[in-house]
Amino acid sequence: MAMLKTRPTHPLTYQAYDRRLGKQGRVLVLLSIMTLFLLGGIGTRLGYLQIVEGDRNRQMADENRIRLIPKPPERGKILDRKGRILAGNKFSYSVFLWPLAAKKPEWPQTVRILSRVLNMPASEIEGRVKQAGVNSPSLIRIAQGISPAQIVALEEHRNFLTGVEIDREAMRFYPHGETAAHIIGYIGELNEEELAARRDQGYRLGDVMGKMGVEATYEKVLRGTWGGQQVEVDGQGKVIRILGQKIARPGNDITLTVDLDLQKAAEAALGNRPGAIVAMDPRDGSILALASYPAFDPNWFARRMTQAQWEELQRRQFPFVNRALQGFPPASTFKIVTTVAGLESGKFSPDTVLMTYPALYTGGFAFHDWNRAGFGPLGFTGALAWSSNTFFGQVARRIGPKTLIEWARRFGMGSKTGIDLPGEAAGFVPDPQWKQKTFGEGWYDGDSLITAIGQGALQVSPVQAAVMFAVPANGGYKVRPHLIASENPDRWRQSLNLKPSTVQVLRQGLRQVVTSGTGAALNVPEVAIAGKSGTGEDPPRPHHTWFGAYAPADKPEIVVVAFAENSGGGGASVCGPMVLKVIQTYMRIRDR
């Protein structure tokens, strides 16, 4: 029979046993309390994570297995009037980074490799990631248009580039390089300020937008809508399945009124002279060509610009300034406006004849004719043909500054034409109020005389000058220059309500400029041309030169204005040959 274990009967033994049992009980109780405390803490934390932080934690888990692959839209093409591509797209390879997939210990090495292979500062790569956020579930574009050699180099380092991907995407391409650069403009990736301002319009990090020219004016039309895929990936970043997809919608194409062949002819005629050439249909204001020099290659902005390209741009003289839209003294081309102001004032008739002189004198100032001898008696047509300063000075004296200034503004000077290009200057028409405010003195007789021949503070852009030449060409309408074709030409023009006799005098005088006056170099047998030269002072620099013309003289289809900045020489000798080349090209290609 088994013996039962009993308490010891000896007093000392009993007390020792009781003390040992009490100590073990207290330890057991303490361990129990600690266990309950720890289990309670863990339970409370689990409850907090599941109930309070559940949604956030599920999102973080999803972001580590669900990737958003954005698909940028293909930008709409820009075409010339015959459907030839001026700005299109071609596929190239880009480098993307997925921050969530990159392991923190490997990050410095990843940046170092990308920086070396892509020839990008490490700070630029880190800045892009910082801007997107290190927890971004979307791929971040790091570089576009990488070369085959760069692709090979990245693949060689594939084991050290976790989260780095190479993919094809459409990239802007300008097949004719610098041709029509100031019309087309260029695109560029949004900077931080632009992104912040346009985020509510659907723009995102890495997006591009038009920064100049038609690319900027018609950004909303050309841009398109982003698409993308939501995919599930495994621990190695491989796609398991596509969870959702939105097809990117391409932008709309735009057809311009510009003719590529005529544009090339205008740029060739201008050559390497700083200046501009504008060719326009006088019947409705359609721009056929618009050249400005110096120019730039918009392809340089479609990808990261190289140091050599940047240095080349710095060597050029303000290549981003569209000189066709900037104001300069119009010189004697402005005598078209002075003629209209004189005849429409009622103080002169088409048959008026005035004696011309070596100079007119006012307030101690000598106002010379350009030949320093005068031309004897002249009517308006002869005065235009020989560009007599003293003739038009007398006209300005009699009609006064108010009438002259009013007609300059009716022709659109001092206001933007509204051409659909950014950066247009309004030009400037001085008046007595401006002179009093600026110089603290009144308007003198000499101010009227100098304004009447297109000098002084008067500023007109080559596009505004083209609008001026279109008035006699189209029979008295001010047109609005534009680059997008329209089926309704009346939308683009406004009658100046000129007397038919005024238009007739203008047309006769401008034709006589070419047949027997200062523009005789344009008197060619294949087409009748009417036009006017100008030489604008710009002291202490060499003067500017102008020539504006339209053709055929009896039924005009084209207006051409050429401007050479600080060229020196005469308007007919410097700019006349440019205009002639463009008109001859137009006559050769117009029916193609």
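These entries record what I looked up about several loop residues in a predicted model.

**Basis.** I number residues from 1 along each chain as its sequence is written. In this predicted model, local features need pLDDT of at least 70 and side-chain atom pairs count only at pLDDT 80 or more, while totals for chains, interfaces and linings use all residues, and side-chain values use heavy atoms, with hydrogens and water left out.

**S387.** I found S387 in the loop between α13 (380–386) and α14 (389–410); helices (H or I, at least four residues) and strands (E, at least two) are DSSP runs numbered from the N terminus. Its phi is near 55°, a positive value in a residue other than glycine. I then asked whether S387 is buried or exposed. At 5% relative accessibility, S387 counts as buried (buried means under 20% relative accessible area, exposed over 50%, partly exposed in between, with a 1.4 Å probe and protein chains only). The side chains of S387 and K335 form a polar contact of 2.8 Å (a pair of N or O atoms within 3.5 Å; within protein, one must be able to donate a hydrogen and the other to accept it, and residues adjacent in sequence count only if both atoms are side-chain atoms). Beyond four places in sequence, S387 is in contact (heavy atoms within 4.5 Å) with S332, K335, D369, W370 and K532.

**N119.** I noted a positive phi, near 55°, at N119, also a residue other than glycine. N119 lies in the loop between α3 (107–118) and α4 (122–132), and counts as exposed at 59% relative accessibility.

**P294.** I recorded a cis peptide bond between Y293 and P294, with omega about 0°.
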